[in-house]
Amino acid sequence: MTTDVQQSVPIPPPDAQVAYTACEFCPVACRYRVIRWPVGREGGPAAADNALGVDLPAGIGQWVSPNMHNVVTFDGRLVNVIVQPDPNTDVGNVGGDHSVRGGVLARKLYNPGTPTAERFTTPLLRVRDQLVPISWDAAVEIFARVSEHVLDTYDELAWGVKVYSYQYFENTYAISKLARGMIGTPNWAPHHGPAEGDDTPGLSDCGIDAFSSAYADDKEADVMLLVGTDPYETRTARYTQWMQSTPTVDVNPRKGFTSRLVEKMGGLHLQLWPGTDTALLNAIAREIIDKGWEDTEFIDSYTASRAELDAEGGWRRKMFGLTFDEYRTYLFSKPEFTPEGAAAITRVPADKIRAAAEMLAAPNSDGTRKKTSVRFEKGLYWSHNYENTAAIGSLGVLLGAAGRPGQSTSRLGGHQRGGLSGGSYPKDKSPHDYLGNKIEMDTDRWFVEGNTRFMWVIGTNWVGAMAATERLRERLEELTRRTGPQLTSSNTQDAISALTSRVDAGGTVLVHQELYPNATTEYADLVLPAAGWGEETTARMSAERRLYLYEKVADPPGEAMPDWKIAATIAQRMGFDGFDWPDTNAIFEEGGPASGGRKAYNELVILAQERGIRAHDLLKSYSDVTAAEGSYAEASGIQCPIQRDGDTIKGTERLHADLTFKSDSGKANFTLPDWDAVASRMDIIGPSGDEVYVLNGRVNELWNNVGDQLRMVYHIDRWPANFLEISDEDAARAGVESGDWVRLWSDRVIDQLGEEMSAEITVVAYVTDAVPPGVVYTYFNYPGQPANNLTSADTTLQPLNLRYNFKVGRGKLERIGPSEFKDAFLMSFAPRNLVGGTDA
Amino acid sequence: MSDEVPRGAPTPEQRAHEFAEAAATGTSEQGGIDRRSFIGFVTGLTGGLAAGGLAGIGIGHWLADQEDDVVIATPQPSDDVAIVTPPTEGADTLIFYPRVKVADLADLEEGTPIPFEYPLVGQRAQLVKLGKPAQYGLGADADIVAFSTICTHMGWPLDGTFDPATCVFGPCPGHFTTFDAAVGGQVTLGQATQRLPQIVLAIEGDAIYAEGVLGLIYGYRQNLLDGTPVEVQT
């Protein structure tokens, strides 16, 4: 049963205001139009009488569903707001296609008559174990004075920041300008890992940018290699509009929706055993070379020689970079990479490995080369980070999948690209190195060791998002709640005094800046209420580097402020200059010169200055069909890096189009995909005995820490609790049926210090053929049920780049009993991988 | 399409049932409200007024044309209102969900949907006996349900997609959304931003009637507006 039964939706009158924006959630950045008009009026069913411009009933792709509507305040007035997938767009979500995430964006906006009433609306201070309201002035004073005490008494390494990497250029610029530029701390980590740095180092060491592709390449490719992702569920409109029709070799330990559709459409699903990607990709590469199907022309012209590799300045490329001959020698030196050898490791039949190599690389019947593209995401690079990204990058180079229409190698992206550096990361201050080379700081290990005295967490659930999260939570509790004084007064000076005393007693002060409370908030001393999507005008790029302006469409609740404004207020209170921006446009313009590489947009800023207009306004003409005078061709965003083009500017469809690569020589190269390193790591972190692999990731309806979705009645209805995909065989072994509570536990979770600990989560069984026996799958960051309780946090296992093995957890299964969702018509347990036809 | 849609004229039993329901909800003479005054109240409604809020009273086929005149089908002719038999004939706008016979129990074959349109022409729906208990399922096995078959993602037709093995409608031929017919049309996987609207059914004797809709049908601002009411075969 659901209470989400809505019987009508109001229709906007013809004079309703229309603004354009892009989605908050996945990296596709679908285009949305926002229609706004005063509450109390409605338009009519004829096209001439409404702002939708359609006759009702609406046709395909033109409907406004009730969940696309909300009532919010804008400039203090009560307004209807419709957030509708733009039915006229020709980029991204062509024709108004959309996912269920973006489709209910309107319900993200604050309306105190909905679960969004849980938004933080005022700064809060923990006094006598309660979060009590305080003023912004008091909150900023406490933040500034305690920070100064930590910086003066200890050093900047004791002052840490955990922050999203993607929530708009203006916010990330302001926050990093304060933390890295002014304070200069290396104790800085993005939302998705314990350390700053490259997420796909093996690919980077091949010279290829992780976001080099265009969506058009997905469609133009003759064949695609897809690894470690289910794009129907996670980059929906890119999949349905651009990828779906391309014949695909899909590599995934789950047989989810995309894998089954790939097979139905004549492609291959290689259902590998978790963590064996490097062996499988190496075997495919070896088979391609064995048959002579590699792109010899590309390799000869555009990959580096041994002398060029030896001259490289980057230590990783110098250490792991390979020429084609060296790569071939490596692949043919190990029996693990023969089809039969790899089959024994990966559990993918040898014939399928051969078939995959043929599908990806065998010439067309006329002898011409197929256009092959390579796409991957976290299932690949967050199991064995360096080796897996080296393996896929090298395979991309072997296939000539770089820089050309239909031929590119890229991540699909986990979120949009909204990171802009307002101060470079001070790697020289990091306490960590590898083989004499400085690497970024493992901030979680540093914290668990008790070295972080002040922690500022912005826009993420730190506790749930990181590995061995139970240890992180336990240490956070010890260092905030059980060390030194707790506040008994909300008086500002009393608070500063108590918190500095706690710091000096070896404890930590935690500031949480967020939209909603989550597990991290449990330990926050100070809560700063942030504004989110649609509550400020900001800029950001899609996964094909398409830059848009995201217009403000609603007021933030209460006293909530955008993150840039909070950072700027704090910085000014701490006495730093350069934070007196009047608005986000000023930050966007200041950040232009810092927006290098794939994000470079400074040419837009320069052109705006030449024309005497604001850069945001110029960007708006590329983002908003009304600003572009009705031309959708002009209102399709602009792909970075932005280039000068006479008296105007133009975008860059794909990177490496001139076949120069990101290396000192400008050449691409192969990179050692070291299977032995993976195999030895698996001996440490893999399951044994009656343990199963605990995989985790996203699910179609939910997004990241679920802060928004669990305030949307429609999504709570589908996922009232975290689920556990479990095979028939494992379910029978554990005596479990769909709808039963299952205790998923391990006493072999490796924590941040390399020690084993016990942890568990309780989840609802969802019996399915999507996972094989011995493998279960669950949502990665569901509140109260975080799969990361069961993942290893020992970054010394991946010393090159300090990334967690997020996607290869382990645990045991134990039935608890029936949940309230079992046999109660509350939660569908029907298969989630039905593709029609052969299903029935 | 219309030839495939089974429609049934209201039977004497149905009419008796309607009258009994009206009595039970206090909207008839027997229920204590003066019949004439009630009709007068309804007559004052406008076509667009809060029909959803008044739906479910179950009193019968309240209809209004665009001049705000109210017509009503009742067991007893009256000089106060026009009587329409079959109930929706001649009406332009519905203000209540009509009660429309969809099929006889004997017509049902487990797993084989029966198409119909309700409450407006073009609002395609399907009646199906699932073979396992369902949310709001009727019949001895609590498994008789009906759903709109216009996908609530982008309006593609779901006709022909019902999978008896899993009791889902879908995957939609447009973008693959599947809806669980046993769980009130909840999206099992997919991109729709509403459940699949479930048709409210009633069984009287051997006959199955549609008498309401839970949720908004794709394309509409209100299920009873902007279309032509279905008519009952005579």
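Visitor: When do two strands count as a pair?

Guide: Welcome! Two strands pair if DSSP finds at least two bridges between them. Keep in mind that what you see here is a predicted model. So the number to remember for a pair is at least two bridges.

Visitor: How many bridges join strand β13 and β14 of chain A?

Guide: Strand β13 of chain A covers residues 372–376 and pairs with β14(A) in the parallel sense. One place to look is A:V374, which stands opposite A:T409 in β14(A). The count of bridges over which β13(A) and β14(A) pair is three.

Visitor: Which strands stand at the edges of the open sheet in chain A?

Guide: That open sheet has five strands with parallel pairing, in the order β11-β10-β9-β13-β14. Each edge strand has a single partner strand, so one side of it is left without a neighbour in the sheet. The edge strands are β11 (268–270) and β14 (409–411) of chain A.

Visitor: Does the helix α17 of chain A fit its expected length, or what is the distance between its end C-alpha atoms?

Guide: Helix α17 of chain A has 14 residues, 385–398, and at 1.5 Å a residue it should span 20 Å. Of its 14 residues, 14 are buried, so to speak of α17(A) as mostly covered fits the definition of 20 or more other C-beta atoms within 10 Å. The end C-alpha atoms of α17(A) agree with the expected span, being apart by 20 Å.

Visitor: Is strand β6 of chain B enclosed or open, and which residues are on its two sides?

Guide: In strand β6 of chain B, residues 124–129, six of the six residues are buried, so the strand is largely enclosed by the rest of the structure. In general, side chains of a regular strand alternate between the two faces of the sheet. Here both faces are covered, with B:R124, B:Q126 and B:V128 on one side and, on the other, B:A125, B:L127 and B:K129.

Visitor: Which residue of β7(B) is the bridge partner of B:Q126?

Guide: β6(B) pairs with strand β7 of chain B, residues 144–148, in the antiparallel sense over five bridges. Within β7(B), the partner of B:Q126 is B:F147.

Visitor: Which strand gives the largest share of the side of chain B that touches chain A?

Guide: The contact takes 43 residues from chain B and 45 residues from chain A. On the chain B side, β9 (178–180) and β10 (186–189) each supply at least two residues. The largest share, four residues, comes from β10(B).

Conventions: Residues numbered from 1 in each chain as written. Chains lettered and ligands numbered in written order. Predicted model: local features only at pLDDT ≥ 70, side-chain atom pairs only at ≥ 80, totals over all residues. Expected span 1.5 Å × (residues − 1). Buried ≥ 20, exposed ≤ 12 C-beta atoms within 10 Å, placed from the backbone. Contact = placed C-beta atoms within 7 Å.
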